[in-house]
Amino acid sequence: MHVPSRAPRFPLFTLLVTTVAILTALAAAPSAVQAESSVVVATYDGVINPVSAEYLHDALASAQEDKAQALIFRLNTPGGLDTSMRLIIKDITGSTIPVIVYVSPSSGRAASAGVFITMASHVAAMAPGTNIGAAHPVAMGGEKMDEEMKKKVENDSVAYITSIASQRGRNVAWAEDAVRKSVSVTEREALKLKIIDMVADDVPALLKQLDGRTVGLQSGQTVLHTAGTTLREFPMGPRLEFLKILSDPNIAYLLMTIGTIGIIAELYSPGAILPGVVGAISLILAFYSFQSLPVNYAGILLFLLGIAFFILEANVTSYGLLAIGGVVAMLLGSVMLIKTDVEFLQISWSVILPVVTLATLFSLFVVGMGVKAMRRRPMTGREEMVGLVGIVKTTLAPHGQFAVHGELWEAVSEQPLQPGDEAEVTGVDGLRLRVKPRSKQKEARS
């Protein structure tokens with residue numbers, strides 16, 4: 001009896017399993033290649049502050065989530081806040097993918113806090129025409145430090161940057177000089193001194209140099225394959241762009257000015273609403289800006305004192321002395337507002353002079369119009385009747401009839417008045433007027 005062979009079933013089953021495995025691998029291959037070949041590029045130009053720290057954190061999180069090969073942090077900064085700098089370095093140190101700090105564009109720099117960030121990167125690169133250095137710590141609040149405190153702050157910064165340089169295998173001696181002596185070098189000198197790893201004209205040139213480079217991470221060594229890689233820009237979102245603008249000391253100064261004038265305009269013209277709304281929002285935004293700036297409260301008080309002088313000028317005859325005092329107070333307050341020797345945190349004179357001029361003119365105009373409106377005689381209601389002069393129609397002893405404004409009213413007078421006498425309205429009680437004899441002084445003026 002012939003028994004059919006069952007052997008063909010195994011090759012068929014094996015072929016089916018193999019086909020499924022191949023199809024699965026092919027389906028997964030494009031995403032793996034894409035993930036492996038992608039490099040994220042984040043660009044930041046400005047002061048190192050909470051905005052920059054949040055931006056790098058988000059960019060790095062996005063790159064790690066997409067399993068990108070690396071993050072290129074294109075940086076141009078004059079420096080900034082120590083706390084934000086340390087947050088950025090903490091993110092770089094704990095990253096699971098290489099972080100390449102690329103100082104660019106040409107004429108850009110990595111100064112102060114930027115030196116620390118560049119030296120903390122897994123790979124440091126610079127574009128032609130850039131410089132790095134001048135990392136001596138300064139008191140951002142502008143307060144005077146005694147020699148002992150200066151030494152403590154300086155030594156702390158030196159210990160931090162030398163630790164970073166040693167960890168990345170960079171020039172420890174230069175790193176210390178950058179803090180103690182504020183030395184600064186060009187990109188070629190930085191490459192020669194082993195401060196950075198490479199000089200690249202642009203991002204594509206940087207990727208070519210990175211290809212095949214071995215980078216040490218906390219998790220171990222990784223090799224970059226960046227030839228023909230896919231670049232993905234990570235733009236700063238609208239919220240961070242807005243907060244970055246608010247962090248500008250010139251913008252904070254403008255917001256404080258607008259807010260102060262808006263609130264004053266609302267107080268002198270109740271019911272206008274718009275000046276009060278704009279003023280309140282501007283002041284709140286200004287307070288947000290000031291929290292990341294070294295604000296001198298004496299400067300704020302002088303600025304407000306200047307506005308107060310303008311208000312008094314509209315009420316008091318000072319022959320211009322109060323207006324002059326207001327201008328001087330505002331100028332002094334503007335100069336003292338940001339108390340620091342750091343150039344990029346100071347308010348520009350090109351902003352101070354126009355703002356003080358416009359604030360002076362606007363304050364005098366708005367407050368002056370408000371004062372005139374408050375002093376103007378009421379045109380409607382009971383208040384409009386007070387002060388009007390009319391003719392007595394019947395004897396007021398004390399009650400009688402009184403004609404005023406083309407209308408006949410019931411009136412009462414504490415002094416007897418005869419028909420034909422002129423009298424002045426002193427008050428309104430319901431539908432009855434209180435009157436008194438017209439004074440000789442007013443009669444003479446009329």
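This is a stop-by-stop tour of a predicted model, with a suggestion at each stop for what to select.

**Stop 1: the salt bridges**

Start with the charged side chains. Across the whole structure, a search turns up 13 salt bridges. Select Arg239 and Glu54, whose side chains form one of them, with N and O 2.1 Å apart. Colour helix 9 (residues 238-246) and helix 2 (residues 50-65) as well: Arg239 sits in the former and Glu54 in the latter, so this pair ties together parts that are 185 residues apart in sequence. With a relative accessible area of 28%, Glu54 is partly exposed.

Next, pick Glu154 and Arg180. Their side chains meet in a salt bridge too, at 2.8 Å from N to O. This pair links distant parts of the chain, 26 residues apart: Glu154 belongs to helix 5 (residues 147-168) and Arg180 to helix 6 (residues 172-180). Are the two partners buried or exposed? Glu154 counts as buried, at 18% relative accessibility, while Arg180 counts as partly exposed, at 33%. The cut-off for buried is under 20%.

Now select Asp177 and Lys181. They form a salt bridge in which the closest N and O atoms are 4.0 Å apart. Asp177 is partly exposed at 27% relative accessibility, whereas Lys181 is exposed, with a relative accessible area of 60%. To finish this stop, show Asp82, Arg86 and Asp156 together: salt bridges with shared partners join these residues into one network.

**Stop 2: the nonpolar cores**

Hide the charged side chains and turn to the interior. In soluble globular proteins, nonpolar side chains tend to be buried together. The largest nonpolar core in this model has 78 residues. To find the residues with the most contacts inside this core, select Leu71, Phe116, Ile117, Met119, Ile132, Tyr253 and Leu337. Which element gives this core its largest share? That is helix 2, with 7 residues.

Centre the view on Leu337 and display its surroundings. Leaving out neighbours within four places in sequence, Leu337 contacts Tyr253, Met256, Phe290, Pro294, Val295, Asn296, Gly299, Ile300 and Ile347. Apart from the largest core there is another one, of 18 residues, and Ile72, Ala125, Leu206 and Leu207 are among its members.

**Stop 3: helix 8**

Leu206 and Leu207 lead straight to the next selection, helix 8 (residues 203-210), whose buried residues are Val203, Leu206, Leu207 and Leu210. Look down the helix axis: these residues cover an arc of only 100 degrees, which puts them on the same side of helix 8. What covers them? Add strand 1 (38-45), strand 2 (70-76), strand 3 (99-103), strand 5 (123-126), strand 8 (198-199) and strand 11 (230-233), which are included in the covering of the buried residues.

Then inspect the two ends of the helix. At the N-terminal end, Asp202 acts as a cap, with a side-chain oxygen 2.9 Å from the backbone nitrogen of Ala205. Just after helix 8, select Gly212 and check its backbone: phi is positive there, at about 85 degrees.

**Stop 4: Ser95**

Move to the loop between helix 3 (82-93) and strand 3, where you will find Ser95. Is Ser95 buried or exposed? Its relative accessible area is 3%, and Ser95 is buried. Draw a distance from its side chain to the backbone of Ile97: a polar side-chain atom of Ser95 lies 2.6 Å from the backbone oxygen of Ile97. Among residues beyond four places in sequence, Ser95 is in contact with Leu60, Gln64, His122 and Leu217.

**Stop 5: Leu332 and Arg432**

Two more selections remain. Leu332 sits in helix 13 (residues 321-337) and is partly exposed, with a relative accessible area of 45%. Show Leu302 alongside: Leu332 and Leu302 are 30 residues apart in sequence, and their C-alpha atoms are 6.9 Å apart in space.

Finally, go to Arg432, in strand 16 (residues 432-437). Arg432 counts as partly exposed, at 38% relative accessibility. Setting aside residues up to four places away in sequence, Arg432 touches His399, Glu410, Ala411, Val412 and Gly427. For one last distance, pick Gly400: Arg432 and Gly400 are 32 residues apart in sequence and 10.0 Å apart in space, from C-alpha to C-alpha.

Key. Residues are numbered from 1 along each chain as its sequence is written. This is a predicted model: local features need pLDDT of at least 70, side-chain atom pairs count only at pLDDT 80 or more; totals for chains, interfaces and linings use all residues. Side-chain values use heavy atoms; hydrogens and water are left out. Helices (H or I, at least four residues) and strands (E, at least two) are DSSP runs, numbered from the N terminus. Buried means under 20% relative accessible area, exposed over 50%, partly exposed in between (1.4 Å probe, protein chains only). A nonpolar core is a set of buried Ala, Val, Leu, Ile, Met, Phe, Trp, Tyr and Cys residues joined through side-chain atoms within 4.5 Å. Contact means heavy atoms within 4.5 Å. The arc is that of the directions from the helix axis to the C-beta atoms. A polar contact is a pair of N or O atoms within 3.5 Å; within protein, one must be able to donate a hydrogen and the other to accept it, and residues adjacent in sequence count only if both atoms are side-chain atoms.
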